[in-house]
Amino acid sequence: MIQGFPRMWIRLQEDIDTILRKDPAARGRLEVFLCYPGLHALIWHRLAHRAWAAGLITPARFLSHLGRFFTGIEIHPGAIIGRRVFIDHGMGVVIGETAEIHDDVTIYQGVTLGGTSLAKGKRHPTLEKGVVVGAGAQVLGPFTVGEGAKIGSNAVVTKPVPAGATAVGNPARMILKAEERAPGEELTGAAKTKEEFLAYGVSKNGDDPLIKAMHGLIDQAIAQQQRIEQLEKQLSKGKAQPDCGDSVDCEELKALNKLVDN
């Protein structure tokens, strides 16, 4: 324990620095140490995880239970959590036994990293470096959320998320950043993680793709209706060929007039 104290102290310093960097409401190191339940939950988890790794199953579960009681954040002692992880607000967060959280991940309140299988083995998700999980999101299953990916608030994710993508909706749909790839090229490498930190997984590169598609269909239907109304007005003036130039609408109008003449 004494030999591990310097490492625990370094980890604690990193965690406090991470909170100061990512939360503009944090105004000092003492305030963060005393008043941030996400930080306290990580301290409890490190104690519980060490006991779990030593085979002290019941003491480990009891320590995690105490951590849940004091912080409102439930982390199974078997979960693996990396460095500089930030659990913001944190109330209602649940992290399952086989979950893996890599470095620099941010998790907001109400998030579940859960399993959908009763079988032994890997049941919970893996969050790679730099992932942001928005409030209320449910990430369910033994898959990987790729490096630098973002999961929007209240999304329900049950399949892998590519690195650098944003998952939104229920069931979650993927938004890939077009400006980071050539046509037909998938996001790769460190370019996926260059974007600045975005709180709650809110993406600047667009809305839910399904909603965007619906808006596109609505706009197209309105444009077609306006075109039909314009042609009807021209036809109602008589069968004479209109003098309207060479536009596409004019060609269609001439064809309709010819059809009426016949």
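## Salt bridges in a predicted model

At 34% relative accessibility, E74 counts as partly exposed, a class that lies between buried (under 20% relative accessible area) and exposed (over 50%), computed with a 1.4 Å probe on protein chains only. Its partner in a salt bridge is R68, with N and O 3.1 Å apart, and R68 is likewise partly exposed at 41%. A salt bridge here is a side-chain nitrogen of Lys or Arg within 4 Å of a carboxyl oxygen of Asp or Glu, and the structure holds 9 of them.

This is a predicted model, in which local features need pLDDT of at least 70 and side-chain atom pairs count only at pLDDT 80 or more, while totals for chains, interfaces and linings use all residues. Residues are numbered from 1 along each chain as its sequence is written, and side-chain values use heavy atoms, with hydrogens and water left out.

Three of the pairs are listed below.

| Salt bridge | Closest N and O atoms |
|---|---|
| R29 and D17 | 2.5 Å |
| E74 and R68 | 3.1 Å |
| D104 and R84 | 2.7 Å |

The pair of R29 and D17 links distant parts of the chain, 12 residues apart, with R29 in helix α2 (residues 29-35) and D17 in helix α1 (residues 5-22); helices (H or I, at least four residues) and strands (E, at least two) are DSSP runs numbered from the N terminus. R29 is partly exposed at 35% relative accessibility, and D17 is partly exposed at 36%.

D104, by contrast, is buried, with a relative accessible area of 16%. D104 and R84 also belong to a network of salt bridges that links them with E14, R83 and D103.
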